[in-house]
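Trainee: Could you take me through one part of this model in detail, beginning with a single strand and following its neighbours outward? I would like a connected account that I can check against the coordinates.

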Amino acid sequence: MFSQFTHYLAIAIVISVPITGIILLVDRLYFKKNREKDAKLPVVVDWAAFLFPVVLVLTVLRSFIAEPFIIPSGSMQPTLYAGDMIVANRWSFGLRYPITNKRIFSEEGEGVNRGDIAVFKYPVDPRINYIKRIVGIPGDVVDYKNKVLTINGEPVKYEYVGSALEPTSEIIYTEFLPSQDGIVEHGIQVAPYNTTADHGMGLKQQFPFKVPEGQYLAFGDNRDNSADSRFWGFVADDQLVGKANFIWMNYKCVTQLKDCDHIFTILK
């Protein structure tokens with residue numbers, strides 16, 4: 001519900017820019033010259049003068065520069081934990097128009113790499129923001145069996161790390177995911193005896209398969225506890241919102257003095 005609220009709030013902010021701008025422009029062109037010098041501004045004009053710079057700055061910041069998000073679940077453990085407050089930059093996947101999210105200058109797929117932690121519009125309900133890791137890009141042939149990813153015929157390498165923080169019955173590995181820019185080393189969390197996530201996608205497409213043009217395959221780092229592409233399908237290019245790159249706080253750190261050890265960290 002919070003994510004849906006922020007979705008509608010973001011639309012309202014964007015729409016407020018032209019509305020308040022037009023009010024100020026009309027007042028300047030037609031009404032201001034006929035108003036006495038010391039006359040009080042009409043309420044509508046007064047509010048527009050206050051709101052216009054605020055909504056303009058907010059729109060520019062969250063549409064083209066950076067946007068904050070709060071992680072709601074543990075689907076990205078051990079990289080991100082519930083309550084983590086992150087910043088996602090909006091330019092890594094190409095500058096995009098507000099609301100429609102269509103690219104402005106760059107071509108489809110530009111800037112998106114395997115290993116990126118992506119914030120995107122949930123394909124099932126675009127009002128909700130999801131966060132997962134891109135593990136397959138257009139043209140990749142991907143297989144996933146026995147908790148091992150195979151990309152273009154090459155099994156991804158893993159290295160044992162130790163027991164997970166929560167639940168301790170699960171295990172953390174380092175995954176060496178091949179990217180266009182080199183190897184991305186990051187943690188994944190698996191349940192040794194859980195095989196429910198080790199199957200094909202919700203689109204009834206079974207592994208192995210080829211990722212279509214303009215689409216991406218997204219997995220949670222918590223591989224056995226993540227509602228991701230295996231269950232609801234691919235992420236389209238125009239659903240990408242931004243690349244998560246920094247944890248600046250966790251709400252438990254503020255409220256309970258817990259989970260403070262990984263704040264102020266750069267994501268990879």
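Mentor: Let us start with β12, which is mostly covered, since four of its five residues are buried. Please keep in mind throughout that this is a predicted model.

The strand has pairing partners that can be followed one by one. Strand β4, residues 129-136, runs antiparallel to β12 and is joined to it by three bridges; within this pairing, R133 has F219 of β12 as its bridge partner. Strand β13, which consists of residues 235-236, also pairs with β12 in the antiparallel sense, over two bridges, and here Y216 has V235 in β13 as its bridge partner.

From β12 one can pass to the largest nonpolar core, which has 14 residues, and in which L149, F209, L217 and F219 touch the most other members. At least two residues of this core come from each of β5 (141-145), β6 (148-151) and β12 (215-219). F219 is thus named twice, once as the bridge partner of R133 and once among the core residues that touch the most other members. L149 has F219 among its contacts too, and, leaving aside neighbours within four places in sequence, the others are V135, V142, D143, Y144, E154, P155, V156, Y158, E175, L177 and R223.

Y216 offers a second way outward, toward L240, which lies in strand β14 (residues 240-250). The C-alpha atoms of L240 and Y216 are separated by 9.6 Å, although the two residues are 24 apart along the chain. Even so, L240 touches Y216, and it also touches V235, so that both members of that bridge pair appear among its contacts. Beyond these two, and not counting residues up to four places away in sequence, L240 touches F93, R96, N101, V112, A118, V119 and F120. Is L240 buried or exposed? With a relative accessible area of 0%, L240 falls under the 20% limit and is therefore buried.

R223, one of the contacts of L149, leads on to R230, whose place is in helix α3 (residues 229-232). The side chain of R230 reaches the backbone oxygen of R223 at 2.7 Å, and a polar contact of 2.7 Å joins the side chain of R230 to that of D228. R230 has a relative accessible area of 0%, and therefore counts as buried.

E175 and L177, also contacts of L149, belong to the residue range of strand β9 (171-179), which is joined to β10 by nine bridges in an antiparallel arrangement. In that pairing F176 stands opposite E185 of β10. These strands are part of an open sheet of three, in the order β8-β9-β10, with antiparallel pairing. Its edge strands, each pairing on one side only, are β8 (157-163) and β10 (182-190), and the twist from one strand to the next averages 25 degrees.

A last stop is K252 in helix α4 (residues 251-255). Its relative accessible area is 18%, which is under the 20% limit, and so K252 is classed as buried. Apart from neighbours within four places in sequence, K252 is in contact with A82, L257, K258 and D259.

Notes:
Residues numbered from 1 in each chain as written. Predicted model: local features only at pLDDT ≥ 70, side-chain atom pairs only at ≥ 80, totals over all residues. Heavy atoms only, no water. Buried < 20%, exposed > 50% of the residue type's maximum accessible area, 1.4 Å probe, protein only. Polar contact = N/O pair within 3.5 Å; in protein donor to acceptor, adjacent residues only side chain to side chain. Contact = heavy atoms within 4.5 Å. Pairing = 2+ DSSP bridges. Axes fitted to C-alpha atoms, helices over the stretch in contact; angles between N-to-C directions. Core = buried A, V, L, I, M, F, W, Y, C linked by side-chain atoms within 4.5 Å.
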